[in-house]
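Dear colleague,

I am passing a structure on to you, and I would be grateful if you could look through it alongside the notes that come after it.

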Amino acid sequence: MEIDFLQYQVRNGDTLTSIASRLGMTGEELKLFHNSHCPKMDKVWFENLNDVKNIFVPTHFKTESQKENERNNILPGQFSDSFWAQTYSINETFETTFESSVNIDYTIDVNLRKDQNTGLYILSYNQRDFKSGGNEPDDKVSGLSIACMKSIMPLEFILNEQGRIKGLADHKKITDTFTRQRKDLEEFYVGEVARNYMDSFERNISNEVFLLQQFQSTLLFQTLFPKTDWFRRKIKWTESFYFVQNSFPVACEIKPEHKNKEEDSVLTILSGKITELCTSQEIMRGIRLKKPAARPASGNIVLEYTTHTKNKNLLQAKASVLLSHEEVLIHQHHINITQG
């Protein structure tokens, strides 16, 4: 149990307040504590303890302020470069009503440094070892897609004070890198289809705003780079999330919950539901309509973070988004992020 207790023998002149004050409690707190541990017939209701022989008192009482401080001491609260491990294994599953389920695995490497000239935090991000359904892709289109992305890795992002991705550190470096690497890609991937794909890829990465949104709107980035104040929230609040990549962020009501998972780790659960008046079709297409939605989208998002109680390191993160239309599930996406 969190609080052990013992029986205190009431003496002449004792009151609820006098006993409670010696324990660092209020009389009301002691009354509630005693009544929660004793039989119904022995409950205490009055300040005066006449005819009361014994009262249950806590041996290690903690005020709400002390409990709050203890909770805060084991949860991440400030932006720190020690929050992320260097390597994470990723598993993602995509399901829609119209297509079969897709399961992918890959590994990411992250490294955070502080730029001495600008004082900004720069995050290096690398993605590798891509597999689909447990196997390396064997079709040329998938291979080309992975090769193009691999050619511009690692990418460098700027993080804000809340730990969120806010920009690209050097966009020109990305486009110049692909221009150089494309010559090697064209030697292996030949033909009109490959050339058209590389043209499209080059156009997309040349648009800095679009390229940044491609990453910011992924469930991976939304999960892996949480706002630091999410972990210490105690009441509901509104936050916007992308339910579909390259769509638009949708306002959700988020409810926080904390659980001690093991002795050295704590689980933070953020459960949200869509509150914005837009349709599921708008979200899937990424286009907001001007007229109000007659049948707003129904959707949920759940983010789970397991962090170390001492070094506040992110051990594991899970997230799920589910989008429905008229009570029919049309899109769901799950991700599991694990250290190592």
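The notes below go through a few helices, a hairpin and two single residues.

Please keep in mind that this is a predicted model, in which local features need pLDDT of at least 70 and side-chain atom pairs count only at pLDDT 80 or more, while totals for chains, interfaces and linings use all residues. Residues are numbered from 1 along each chain as its sequence is written, and side-chain values use heavy atoms, with hydrogens and water left out.

I begin with helix α1, residues 16–23 (helices, H or I of at least four residues, and strands, E of at least two, are DSSP runs numbered from the N terminus), where Leu16, Ile19 and Ala20 are buried; buried means under 20% relative accessible area, exposed over 50% and partly exposed in between, with a 1.4 Å probe and protein chains only. These three cover an arc of only 95° around the axis, which puts them on the same side of α1, the arc being that of the directions from the helix axis to the C-beta atoms. Their cover includes β1 (5–9), α2 (27–37) and β2 (54–58), where contact means heavy atoms within 4.5 Å. After α1 comes glycine 24, with a positive phi near 80°.

Further along, Leu144, Ser145, Cys148 and Met149 of α4 meet Ala194, Tyr197, Met198 and Phe201 of α6. The residues of this contact divide into seven nonpolar, one polar and no charged (Ala, Val, Leu, Ile, Met, Phe, Trp, Tyr, Cys and Pro count as nonpolar, Asp, Glu, Lys and Arg as charged, and the others, Gly among them, as polar).

Strands β6 (residues 155–159) and β7 (residues 165–168) pair in the antiparallel sense over three bridges, pairing being counted if DSSP finds at least two bridges between two strands. Isoleucine 158 stands opposite glycine 167 in β7, and among the five residues between the strands of this hairpin, glycine 163 takes a positive phi near 90°.

Two single residues complete the notes. Arginine 182, in helix α5 (residues 171–188), is buried with a relative accessible area of 9%, and, leaving aside neighbours within four places in sequence, arginine 182 is in contact with Arg195, Met198, Asp199 and Glu202. Threonine 97, by contrast, lies in the loop between β3 (87–96) and β4 (102–114) and is partly exposed, at 41% relative accessible area; not counting residues up to four places away in sequence, threonine 97 touches Leu329 and Ile330.

With kind regards
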